[in-house]
Amino acid sequence: MTGTPEPAIRITELCKTYRSKGSPPKQALDQVSFDVPRGQIFGLLGPNGAGKSTLINILAGLVVKSGGSATVWGFDIDEHPRNAKRSIGIVPQEILFDPFFTPREALEIQAGLYGVPKPERITDALLAAVHLTDKANAYARTLSGGMKRRLLVAKAMVHSPPILVLDEPTAGVDIELRQQLWDYVRGLNKQGVTVVLTTHYLEEAEQLCDRIAIINHGRLIANEPTRELIAKAQDKAVVVEVDRDLDGPPDAACFERIDITGPRTIEITYRKDKVNAGDVLAALQREGLGIIDVSTRDPDLEDVFLSLTREAAA
Ligand SMILES: Nc1ncnc2c1ncn2[C@@H]1O[C@H](COP(=O)(O)OP(=O)(O)OP(=O)(O)O)[C@@H](O)[C@H]1O
């Protein structure tokens, strides 16, 4: 047996309360603990205002935590802040650049800030990887939104960190560019880079992430391999076509929700830990409805996310 390898990121009882004059204190993170295993694509999800950016900004050294601890690639962010910072590349949510620098200059300056010696710089390779070679010498202000985002990803990688963190990297980026960005991120991950991303696109997280943590109102409410998280969803839906027009929803207390989706079709949501599809059909038959066709819909990450955040709010 080999010991568990050190995680890429370890967060222990992390707390953050924002205090500003004239407004009540705002607790953005409340005792959050989780590990990001090495080599994974890890999703950090949560509704607006859940505390995701706060957590990432603490790791980046941009926000000072109120309590708890964090290590990045084994380096404690308080005891070894320089090593912790060198181990992580962060793609921020906001697009901020000096509009007068070209992508090549922006990458060179960033590499300089990290102390990467000139012969070790990978500017051309990064420009090629994010499909910006032909814009290498254009002013940043002339780049499209998608190009600027890709330049931000390249900037985060100038010092070849073992961890790349992307905070909502595809907000406002069209589908084709999103796909390109994800291809690049997947490629980096294949080369061994651990990736952490926050996204509002649950489908994207479902496709990309090995593991997902969900935070809500500053608290961790899930942290599991993506497949296990989705398997936990208890709501399942069955769509039934019946043999006559429906004048109202059938009376069946064992269902979570009944939606009449057409004159002769109903979508019934049930909890698969309480009833099964056979019970649903039997209940309809007891109502005197003949069944013409049946299809089921499997739960996805969105169902899990909604039910977990609903439960946490209750
Ligand atoms: N500088 C600040 N001062 C006071 N409150 C803040 C500050 N920054 C964030 N907050 C509050 O802390 C909470 C968490 O914000 P945070 O930006 O971390 O959430 P988020 O999950 O990243 O949301 P979003 O996806 O909308 O960016 C929110 O209620 C927010 O209003």
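Trainee: How many cavities of 30 Å³ or more does the count give?

Mentor: In this predicted model, the count comes to 1 cavity of 30 Å³ or more. The volume of the largest cavity is about 50 Å³, to be set against the limit of 30 Å³.

Trainee: Why is this space called a cavity, and not a pocket?

Mentor: The term cavity applies because a 1.4 Å probe fits at the grid points but cannot get out, whereas a pocket is an open set. The residues that line the largest cavity are I9, I11, F34, V36, L44, L55, I56, L59, V165 and V196.

Trainee: What makes the lining of the largest cavity nonpolar, polar or charged in class?

Mentor: The lining divides into 10 nonpolar residues, with no polar and no charged ones. Its members include I9, F34, L44 and V165, and Ile, Phe, Leu and Val each count as nonpolar. The conclusion is a lining of nonpolar residues.

Trainee: Which elements each supply at least two residues of that lining?

Mentor: Strand 1, strand 2 and helix 1 each do so. Helix 1 gives the most, with 3 residues.

Trainee: How do you know which residues belong to the shell around the ligand?

Mentor: A residue belongs to the shell if one of its heavy atoms lies within 4 Å of the ligand. On that basis 13 residues surround the ligand, and the closest are G49, G51, K52, S53 and T54. The shell comprises 4 nonpolar, 7 polar and 2 charged residues. G49 and G51 are among the closest, and Gly is counted as polar in this scheme.

Trainee: Which elements contribute to the shell around the ligand?

Mentor: Strand 2, residues 23–36, and helix 1, residues 52–59, each supply at least two of its residues. Helix 1 accounts for the largest share, 3 residues. Helix 1 also gives the most to the lining of the largest cavity.

Trainee: What makes the approach of T54 to the ligand a polar contact?

Mentor: The cut-off for a pair of N or O atoms is 3.5 Å. A backbone N or O atom of A50 lies 3.0 Å from an oxygen atom of the ligand, and the corresponding value for a backbone N or O atom of K52 is 2.9 Å. For T54, a polar side-chain atom lies 2.5 Å from an oxygen atom of the ligand. Each pair therefore falls within 3.5 Å and qualifies as a polar contact. As for cover, the ligand taken alone exposes 630 Å², of which the protein buries 64%.

Trainee: How do you know which residues line the largest pocket?

Mentor: A lining residue has an atom within 4 Å of a point of the pocket. The largest pocket is lined by 19 residues, and A60, L62, I90, Q110 and Y114 lie nearest its centre. About 650 Å³ of space lies in this pocket. Its lining has 10 nonpolar, 4 polar and 5 charged residues. Helix 2 (81–86), strand 6 (88–91), helix 3 (103–113) and helix 5 (145–156) each supply at least two of them.

Trainee: What makes up the lining of the second largest pocket, by class?

Mentor: By class, there are 12 charged, 8 nonpolar and 3 polar residues. D235, D303 and R310 are among those nearest its centre, and Asp and Arg count as charged. This pocket holds about 500 Å³ of space, and 23 residues line it. Helix 10 gives the most, with 8 residues.

Trainee: Why are strand 4 and strand 5 called a pair?

Mentor: Pairing requires at least two bridges between the strands. Strand 4 and strand 5 have 2 bridges, in the antiparallel sense, and therefore count as a pair. V72 stands opposite F75 in strand 5. The two strands form a hairpin with 2 residues between them, and W73 in the turn has a positive phi of about 50°.

Trainee: What makes strand 5 an edge strand of its sheet?

Mentor: The sheet is open, with 4 strands in the order 2-1-4-5 and antiparallel pairing. Strand 2 and strand 5 are its edge strands, as each pairs on one side only. Between strand 1 and strand 4 there are 5 bridges, and T12 has S69 as its bridge partner in strand 4.

Technical notes
Residues numbered from 1 in each chain as written. Predicted model: local features only at pLDDT ≥ 70, side-chain atom pairs only at ≥ 80, totals over all residues. Heavy atoms only, no water. Polar contact = N/O pair within 3.5 Å; in protein donor to acceptor, adjacent residues only side chain to side chain. Areas by Shrake-Rupley, 256 points an atom, 1.4 Å probe, with all protein chains shown as cover. 1 Å grid on protein atoms, 1.4 Å probe; cavity = no way out; pocket = protein on both sides within 12 Å on 5 of 7 lines; lining within 4 Å. Points joined across faces, edges and corners; volume = space filled by probe spheres on them.
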